[in-house]
Amino acid sequence: MSKMRFFALQELSNRKPLEVTAPSNKLSDYYGSHVFDRKKMQEYLPKEAYKAVTDAIEKGTPISREVADLIANGMKSWAKSLNVTHYTHWFQPLTDGTAEKHDGFIEFGEDGGVIERFSGKLLIQQEPDASSFPNGGIRNTFEARGYTAWDVSSPAFVVDTTLCIPTIFISYTGEALDYKTPLLKALAAVDKAATEVCQLFDKNVTRVYTNLGWEQEYFLVDSSLYNARPDLCLTGRTLMGHSSAKDQQLEDHYFGSIPPRVTAFMKELEIECHKLGIPAKTRHNEVAPNQFELAPIFENCNLANDHNQLVMDLMKRIARKHHFNVLLHEKPYSGVNGSGKHNNWSLCTDTGINLFAPGKNPKGNMLFLTFLVNVLMMVYKNQNLLRASIMSANNSHRLGANEAPPAILSCFLGSQLSATLDEIVRQVGNEKMTPEEKTTLKLGIGRIPEILLDTTDRNRTSPFAFTGNRFEFRAAGSSSNCAAAMIAINAAMANQLNEFRASIEKLMEEGVGKDEAIFRLLKETIIASEAIRFEGDGYSEEWKQEAARRGLTNICHVPEALMHYVDNQSKAVLIGERIFNETELNSRLEVELEKFTMKVQIEGRVLGDLAINHIVPTAVAYQNRLLENLRGLKEIFPAEEYEVLSADRKELIREISHRVTSIKVLVREMTEARKVANHMENYKERAFAYEDKVRPYLDQIRDHIDRLEMEVDDEIWPLPKYRELLFTK
Ligand SMILES: NC(=O)CC[C@H](N)C(=O)O
């Protein structure tokens, strides 16, 4: 093993950036070339089939079997033009990735000869085995079979020689087993609720779309080094490793010049993204050494999320070509920045209004303020659901550490906008407002665009920050499926908007005018949600105390945070808005808890193995060399001098012994703790036991190993060190 580290370092010295050439100098020549978009549909589909697809996308009308056959045939013809041989339903089970099973177009024709066919039936629906994917107990109670069904709103695309059809994935009995199904429901719920609120202001609005712009952070590490670190290979993070003398202290990596091998990787990644119609736009070095970011232009949420899933997959594949491994884990290295996947979220009407951007007149601004204030209330009431939606074994290492938002939810608005809200509270009285009062208020509200233009500040420490025309949910983790956060946020927003509208209608029924009803309710909501507004440093210790005083929750314990998926408020939102039924919600919780348990279990096993089979033998070998040295010293020096000369080595031998013993004891105890937890019948108890009883050992064992790393001869240390992992370009 120890040789691996040195082979790896040797191999590295010969690496060169790969040559990457774009298919054309003009991006538009190949942008979307691998997507069955509207233009290609028009070209490859008969008129009636084209109309059926666009109707299905826009109005949700079902597609008949006959038409599906026509569409499938057209799709196949297009795919053949790209030398495609296989097709697959492409879906997003509750794992950390996507799923696909390729089938060839090959079939026997009537005369027994071989033909290539793709039927409407296969396009629309397929039946993978649901029991082999995480299903949170649904499979135990029902049949194992599952269905994948075509999501017409996301276009088919070609990767390599396979035609991929985005689908939802449900059980035989109709329960969602994926991220896409509830996401589509949450998007529909917020569409309906937001449209109804918009109609209080503007009857022309008939739909509200959700936009998502994600920012994918990641680390790259040379494949040779990666392969020499079993912990990286098996858990996605380093379970040990003393910090490098230099890491990100000098802040010299962020936005720095991108290393040539990385540029080559990024270029190829972007080309592949563009072929797939993924509007990749921004690339840069992130804060930690060897950390980078890719961000596209925002898109419709469902499509944006498919694209993010696709990008994560592309990254892994393209990185390998460039002799890199991409680390999507939220915290691959302790002590330096982790990786987030900030979700930029906005709502937009079919009349072209961004509901999180101030309007051109007081009326438009009232609409903006209404949505803004409802977001604050949504976050305030659903802090626990929002946290549950992004909490995981991985992300728990990131939250609250090295420039990542804390586990406390709060909203940053910027001081000016915040002051405007306070002003509304001040100006709206408890009595009926006079026309003059209303005019003054509206005038004030009318000034919002000017205010925002110059003064939208940024606050990197806020988990839910307003950034001028959208909100940025910064707590989401780099390896996660954005859908988890988007389901929670959009469902919660739908719920909040429904309540808001109901309250307005009630006031209006009681004879209060519409404007006044809105003002009053805005005031009430601003006051009620005040605790969630925070403009200061979200990383500071004071904020933790202040947040506690405000009654905000701060839950770092993973199972405890996840349990809030099923608290009363979360149920009111997720079941109330019909995103999940009771069974689905419980199964989701079970999947998340089990995922947590298994990740910690794997980490425990890997660490145990590395500690006992790699680190302890290395430490003992070094100790033997020290002993040898002592014996030599003793031979040639008089006793008194020997005592003086050998003192430090004796101390080191003692120290190494102490650490080796501690590691052995701790690994044994950790294994016992795992056994106890594994025997627990109930998955909730098991997850709690893993958090409370198993996980603490990981840090304790690591601590001894990291100290040994500083003591043992570098030449025999078996695992690539942080300085090598972080600084090799
Ligand atoms: N520059 C940045 O925005 C750092 C973000 C940080 N990597 C995170 O985990 O969220």
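Me: Say buried means under 20% relative accessible area, exposed over 50% and partly exposed in between (1.4 Å probe, protein chains only). Which one is Cys 233?

Reply: Cys 233 counts as partly exposed, because its relative accessibility is 33%. This is a predicted model, where local features need pLDDT of at least 70, side-chain atom pairs need 80 or more, and totals for chains, interfaces and linings use all residues. Residues are numbered from 1 along each chain as its sequence is written, and side-chain values use heavy atoms, without hydrogens or water.

Me: How many disulfides are there?

Reply: Zero in the whole structure, taking a disulfide as two cysteine sulfur atoms within 2.5 Å.

Me: And what is the nearest cysteine sulfur to Cys 348?

Reply: That of Cys 198, at 9.8 Å; Cys 348 is in no disulfide.

Me: Switching to the ligand. Which residues come nearest?

Reply: Glu 217, Gly 338, His 342, Arg 398 and Arg 474, out of 15 around the ligand (a heavy atom within 4 Å).

Me: What does the side chain of Arg 398 do there?

Reply: One of its N or O atoms is 2.7 Å from a ligand oxygen, a polar contact (N or O atoms within 3.5 Å).

Me: How far from the ligand are the side-chain N or O atoms of Arg 474 and Arg 460?

Reply: For Arg 474, 3.1 Å to a ligand oxygen. For Arg 460, 3.3 Å to a ligand nitrogen.

Me: How much of the ligand is covered?

Reply: The protein covers 97% of the 300 Å² of accessible area that the ligand has on its own (Shrake-Rupley method, 1.4 Å probe).

How values were computed: A polar contact is a pair of N or O atoms within 3.5 Å; within protein, one must be able to donate a hydrogen and the other to accept it, and residues adjacent in sequence count only if both atoms are side-chain atoms.
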